[in-house]
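Visitor: Hello! I am new to protein models and would like to learn how to read one. Could you take me through a few features?

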Amino acid sequence: MFYTHTEHTVAVPLPQGKKNAVQAGCICVMLSVAMSGLALSTLGSSILESVGALKYVSLFSILGALGVTIMTPIGGKLGDLIGRRNIVIVSGIICALAGTGIAFVHSVLLLMVLRMIVGLAQGAFTAAPYIIVGLINEKKDVPKVMGYLAAAIAVGGFGGSIIAGILTDLGYLKLAIVVPVIPLLIGVVLIGMNLPNKKREEKVSIDIGGILALVIALVSILLTLYYAPTYGWTKPVILVGFGVGILAFVFLIKAEKKAQEPVIPLRLFKNKEYTTLLIIGFLAYFYLAAMNTYIPIVSTRVLGTSTGLAGSLQMPRTIICMLLPAAAGAWVGKKRENDWKAMAIAALFAAVPMTVLGFTTETTSVFLIYVLLALTGISEGFRAVSITPAVQRTLPTEEIGIGTALVAFMTSLSGSISSSIYGLAYEVNTVSDAANVNNIRNGCNAVFLVAAAASFLSFLIVFWGFRPQ
């Protein structure tokens, strides 16, 4: 089925020059987000070591992730109410100031506060580029432009970590921290100068109760999931954390039913196609934590490679992620039926490599690891240009903002939940002796097989659930 007349409508029409400028701004914003995430991850230990607080590395990391997860759905809704341009400008400037501040403060408490602010600010605008390009382009062109955003993330992640490492080695730690702010400010200026601020004309009603319930639920559940593998799943503090999170979630549902402008409109979930896509999006990201966390462990502890070689294993994947998305997006945009095909390809090219990795031994070839991770780059290329455009096509224009933000929220949630599940699968196999090579191998293999199962489940849902719709 080829795209119909409705696929050629544009929610926010712009002159070609302004549209190009806005899209360039969106690319800069995503470049900055990727650079910032990898740079702060790479430099976290160096930043905290400079103030004698190396023991807080894990907390420094989780505060950023928590901030993004909390603010993504809230930022999506606020963008609908007060305007997408305003959200990008305000939260972008806050993020730039906080990110710069991390380079110059010498207090552990201030570092933690600023890291949380960076996460919250990024969460507020991280879905905005996907929403904006969906509003200023024809539906048939959205997948291709999503491909540009995916390529920007790949370039930013790869380049951000390399630049951060080189500058730090040269003694320019502060500069390494500040570099990601540059593309962010360029993006804010381009979007701010060229995108009209579409917002609700009537009086805005903020869902305070829903926001508070959402924050409490996410903080309780995500922190509990993060610390449960370390402290034990049956510890009273862990059980209380889950209990508080569940109660807050129940209150959130009740509050959203009554709210005039709910932060998470429950009516969205009556749309079967949209709900199916949320589940697919959640499962599509599930394998990433397994790959990013446990491949280096397998490489260094089981295969006996150097740390440098372990760090290079994702190089082919990264190159594919830079080059493939735009071409894949152009293909997806030709026919609507290509949506489900792209999602199926994404699921299989994650499931098969994870399955093979689940049978790693001490004699497994490092070259095979390179090839398997490169295949996941194909998965990422097709995932990036299929799920979000399909979501935007299922929703009316007034719900594209929060609908797209919830997709980003689900992917963030996927990372947190999968990390805890993988931690449990790994610990079950290593609890008797965490240093034993056989235990480490079995633990990592169990993680990869869980990731494979999630990806195969995603394929089944795409084929039997989404395709018929």
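Guide: We will look at confidence, then a pocket, then a single residue.

Visitor: What is the mean pLDDT of the protein?

Guide: This is a predicted model, so a good habit is to begin with pLDDT, the predictor's confidence in each residue. Here the mean pLDDT is 88, and 97% of the residues reach 70 or more. Over residues 1–6, though, the pLDDT is below 50. That stretch still has 14 contacts in the model beyond near neighbours in sequence.

Visitor: Now the second largest pocket: which residues lie nearest its centre?

Guide: With a pocket, you can ask about its space and its lining. The second largest pocket holds about 500 Å³ of space. Its lining has 23 residues, and those nearest the centre are Phe249, Leu252, Ile264, Phe409 and Leu413. Two or more lining residues come from each of α9 (208–231), α10 (236–258), α11 (272–284) and α18 (400–430). Helix α10 gives the most, with seven residues.

Visitor: How many residues of each class are in that lining?

Guide: The lining of the second largest pocket has 20 nonpolar residues, two polar and one charged.

Visitor: And Ala390: is this residue buried or exposed?

Guide: Check the relative accessible area: under 20% means buried. Ala390 has 0%, so this residue is buried. Ala390 is found in helix α17 (residues 387–394).

Visitor: Which residues is Ala390 in contact with, leaving aside neighbours within four places in sequence?

Guide: Those are Leu277, Asp339, Met343 and Phe466. You can also compare sequence with space: Ala390 and Arg336 are 54 residues apart in sequence, and 8.6 Å apart in space, C-alpha to C-alpha.

Technical notes: Residues are numbered from 1 along each chain as its sequence is written. This is a predicted model: local features need pLDDT of at least 70, side-chain atom pairs count only at pLDDT 80 or more; totals for chains, interfaces and linings use all residues. Side-chain values use heavy atoms; hydrogens and water are left out. On a 1 Å grid over the protein atoms alone, a cavity is a set of points where a 1.4 Å probe fits but cannot get out, and a pocket is an open set with protein on both sides within 12 Å along at least five of seven lines; lining residues have an atom within 4 Å of a point. Grid points are joined across faces, edges and corners, and a volume is the space filled by probe spheres set on the points. Helices (H or I, at least four residues) and strands (E, at least two) are DSSP runs, numbered from the N terminus. Ala, Val, Leu, Ile, Met, Phe, Trp, Tyr, Cys and Pro count as nonpolar, Asp, Glu, Lys and Arg as charged, and the others, Gly among them, as polar. Buried means under 20% relative accessible area, exposed over 50%, partly exposed in between (1.4 Å probe, protein chains only). Contact means heavy atoms within 4.5 Å. pLDDT is the predictor's confidence in each residue, from 0 to 100.
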